[in-house]
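Here are a few exercises to work through with the model open. Grab a viewer and try each task before reading its solution.

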Amino acid sequence: MTAPWNAKELTVGQLSERSGVAVSALHFYEAKGLITSRRTTGNQRRYSRDTLRRVAFVRLAQRIGIPLKTIKDALAELPEGRTPTRADWARLSATWRTELDDRIEQLLRLRDDLTDCIGCGCLSLDRCVLANPRDQLGEEGPGARRIDTHLRPPSCVTRQEERSVSDGARGAARGC
């Protein structure tokens with residue numbers, strides 16, 4: 001099933017084999033507008049060879065946590081039919097750096113605060129600095145009050161709250 005090294009077009013199976021990406025994922029990428037194909041008279045998909053580089057670009061961006069919508073927007077900035085080059089990757093990845101830095105900071109905060117949290121944020125523990133600062137949920141009554149899967153963004157933590165971490169509670173965040 002391997003395509004000749006100089007084939008101008010690849011079947012979906014050949015693209016899958018060469019890229020290491022499942023056929024279903026390639027169909028998904030196409031449905032999301034990340035890659036394109038043409039149809040033969042028999043309605044079979046054919047991908048240009050440069051799709052290999054686009055798929056590699058998508059996979060790498062996904063691996064570092066970039067959402068597919070953001071990847072699609074980045075690929076849309078390229079001229080029609082052109083694959084991302086090393087310079088394109090450098091330019092686009094530089095725009096994602098701030099987002100990645102913010103995510104890293106959030107993960108570091110989670111790691112550092114994890115010892116005071118059982119993970120779910122819903123049991124109204126008086127020491128949960130992530131989802132229940134100052135046991136606010138305990139004032140609403142017994143039992144689980146909510147399951148909050150989002151961490152408070154760094155802008156919600158004041159300097160005074162950061163100083164109070166040593167006593168086990170960050171305090172209420174203003175408006176968060």
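**Exercise 1: a serine and its contacts**

Leaving aside neighbours within four places in sequence, Ser 16 is in contact with Val 21, Ala 22, Val 23 and Leu 26. Keep in mind that this is a predicted model.

Task: work out which helix holds Ser 16, and decide whether Ser 16 is buried or exposed.

Solution. Start with the location: Ser 16 sits in helix 1. Next, take its relative accessible area, which is 15%. The cut-off for buried is under 20%, so Ser 16 counts as buried.

**Exercise 2: the two sides of helix 2**

Task: find which residues of helix 2 (residues 23–31) are buried, then say what covers them.

Solution. First, pick out the buried ones: Ala 25, Leu 26, Tyr 29 and Glu 30. They share one side of helix 2, because the arc they cover around the axis is only 140°. Now flip to the other side of helix 2, where Ser 24 and Ala 31 are exposed. As for the cover over the buried residues, it includes helix 1 (12–19), strand 3 (45–48), helix 3 (51–63) and helix 4 (68–76). Last, look past the end: Gly 33 follows helix 2, and its phi is positive, near 80°.

**Exercise 3: same game, helix 4**

Task: sort out which residues of helix 4 are buried and which are exposed on the other side.

Solution. Ile 71, Ala 74 and Leu 75 are the buried residues. Their arc around the axis is only 95°, so they lie on the same side of helix 4. A handy rule helps here: an α-helix has 3.6 residues a turn, so residues three or four places apart point the same way. On the other side of helix 4, you'll find Lys 69 and Ala 76 exposed.

Methods. Residues are numbered from 1 along each chain as its sequence is written. This is a predicted model: local features need pLDDT of at least 70, side-chain atom pairs count only at pLDDT 80 or more; totals for chains, interfaces and linings use all residues. Side-chain values use heavy atoms; hydrogens and water are left out. Buried means under 20% relative accessible area, exposed over 50%, partly exposed in between (1.4 Å probe, protein chains only). Helices (H or I, at least four residues) and strands (E, at least two) are DSSP runs, numbered from the N terminus. The arc is that of the directions from the helix axis to the C-beta atoms. Contact means heavy atoms within 4.5 Å.
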